[in-house]
Amino acid sequence: MIRSSNPALKESSFLDINSGTVVRGGNDVMTLNGTVNKTGMLLLLCVLTAAFAWSQVSTPAGIVGAAPYMWGGLIGGLVLAFATIFKKEWAPITAPLYALLEGFFLGAISAMFNHMYEGIVMQAVLLTFATLFAMLFAYRSGMIKVTEKFKLGVVAATGGIFLVYLASIVMGFFGVNIPMIHESGMVGIGFSLVVVVVASLNLVLDFDFIENAVAKGAPKHMEWYGAFGLMVTLVWLYIEFLRLLSKLQSR
């Protein structure tokens, strides 16, 4: 069974609702090269809007007007992400729009982090792409075997992290914070390290999911959908690297 903890990449994404069989695209089918190319396009779009947002909010006087870019990009990106998940045939349109909006969010929040800790953004970017290629190498070389137990473990760990973050957000509305995990102490750093590892392992599940989808002859528009799912994991990984590095530098 194809399994991924990424909500954008799950087994049912390639199934016909009525028959329960894999949807095939005839001669115009999903390819690995096509998915890689579209992932590159999404990353480029994200970088372009991120650079624009950074240039607008980062001034000699400090960070100014970051909120519209950050919250607009975050909320708009979430809306488009859910639209893409539930209407995957819209992915050729919604995935690029998601990348553009996510770029505004990342550009604003990156400028804020870089203002507090100069050079942290470049470190996070390098670590994110280094992890991407390291996980790809480990997957392609067979160093990491994507077994059913491995999938279940990563999915369970990702679900646990999601619940912790959700509880943290809900408690924050009442002025209560989960102790230590968001601080720069050893517990906070340890928590961030665990999250980074889990996010990295999600990349392996995404690679495996895309490869299986290609093998099953998914329709061509699923290249955009697969690229979108991989983009979701990369954004998460980058944010977690920013959080980890900020904790380390604040000690």
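These legends accompany several close-up views of a predicted model.

**View 1. The whole protein, built from seven helices and two strands.** Begin with the overall layout before zooming in. Walking from the N terminus, you meet the elements in the order α-β-β-α-α-α-α-α-α. The protein has 251 residues, and 45% of them count as buried. If you look at contacts between residues at least 6 apart in sequence, 84% join residues at least 24 apart. The structure also holds six salt bridges, and some of them appear in the views below.

**View 2. The second largest pocket, with a volume of about 440 Å³.** Which residues lie nearest the centre of this pocket? They are Val47, Ala50, Leu106, Val125 and Tyr238, out of a lining of 18 residues. Four helices each supply at least two residues of the lining: H1 (32-57), H3 (91-116), H4 (120-141) and H7 (222-250). Helix H1 gives the most, with six residues. Now think about the chemistry of the lining: 15 of its residues are nonpolar, three are polar and none is charged.

**View 3. Glu102, a buried residue with no salt bridge.** Find helix H3, and you will find Glu102 in it. How far away is the nearest side chain of opposite charge? That side chain belongs to Arg243, and it is 14 Å away from Glu102. A salt bridge needs a nitrogen and an oxygen within 4 Å of each other, so Arg243 at 14 Å does not form one with Glu102. Leaving aside residues up to four places away in sequence, Glu102 touches Cys46, Gly73, Gly77 and Val235.

**View 4. Asp208 and Lys151, a salt bridge between two helices.** The closest N and O atoms of this pair are 3.6 Å apart. Asp208 sits in helix H6 (residues 186-215) and Lys151 in helix H5 (residues 148-172), so their salt bridge ties together parts that are 57 residues apart in sequence. Are the two partners buried or exposed? Asp208 counts as buried, at 10% relative accessibility, and Lys151 counts as buried too, at 7%.

**View 5. Glu89 and Lys87, a salt bridge between partly exposed residues.** Here the side chains of Glu89 and Lys87 meet, with 4.0 Å from N to O. Glu89 has a relative accessible area of 41%, which makes this residue partly exposed. Lys87 is partly exposed as well, with a relative accessible area of 36%.

**View 6. Lys38, Lys220 and Glu223, a network of salt bridges.** Three residues are linked in this last view. Look for the side chains of Lys220 and Glu223, which meet in a salt bridge of 2.9 Å from N to O. How accessible is each of these two partners? Lys220 is partly exposed, with a relative accessible area of 30%. Glu223, in contrast, counts as buried, at 0% relative accessibility. Lys38 completes the network with Lys220 and Glu223.

Methods:
Residues are numbered from 1 along each chain as its sequence is written. This is a predicted model: local features need pLDDT of at least 70, side-chain atom pairs count only at pLDDT 80 or more; totals for chains, interfaces and linings use all residues. Side-chain values use heavy atoms; hydrogens and water are left out. On a 1 Å grid over the protein atoms alone, a cavity is a set of points where a 1.4 Å probe fits but cannot get out, and a pocket is an open set with protein on both sides within 12 Å along at least five of seven lines; lining residues have an atom within 4 Å of a point. Grid points are joined across faces, edges and corners, and a volume is the space filled by probe spheres set on the points. Ala, Val, Leu, Ile, Met, Phe, Trp, Tyr, Cys and Pro count as nonpolar, Asp, Glu, Lys and Arg as charged, and the others, Gly among them, as polar. Buried means under 20% relative accessible area, exposed over 50%, partly exposed in between (1.4 Å probe, protein chains only). Lys and Arg count as positive and Asp and Glu as negative; His and the chain ends are not counted. Contact means heavy atoms within 4.5 Å.
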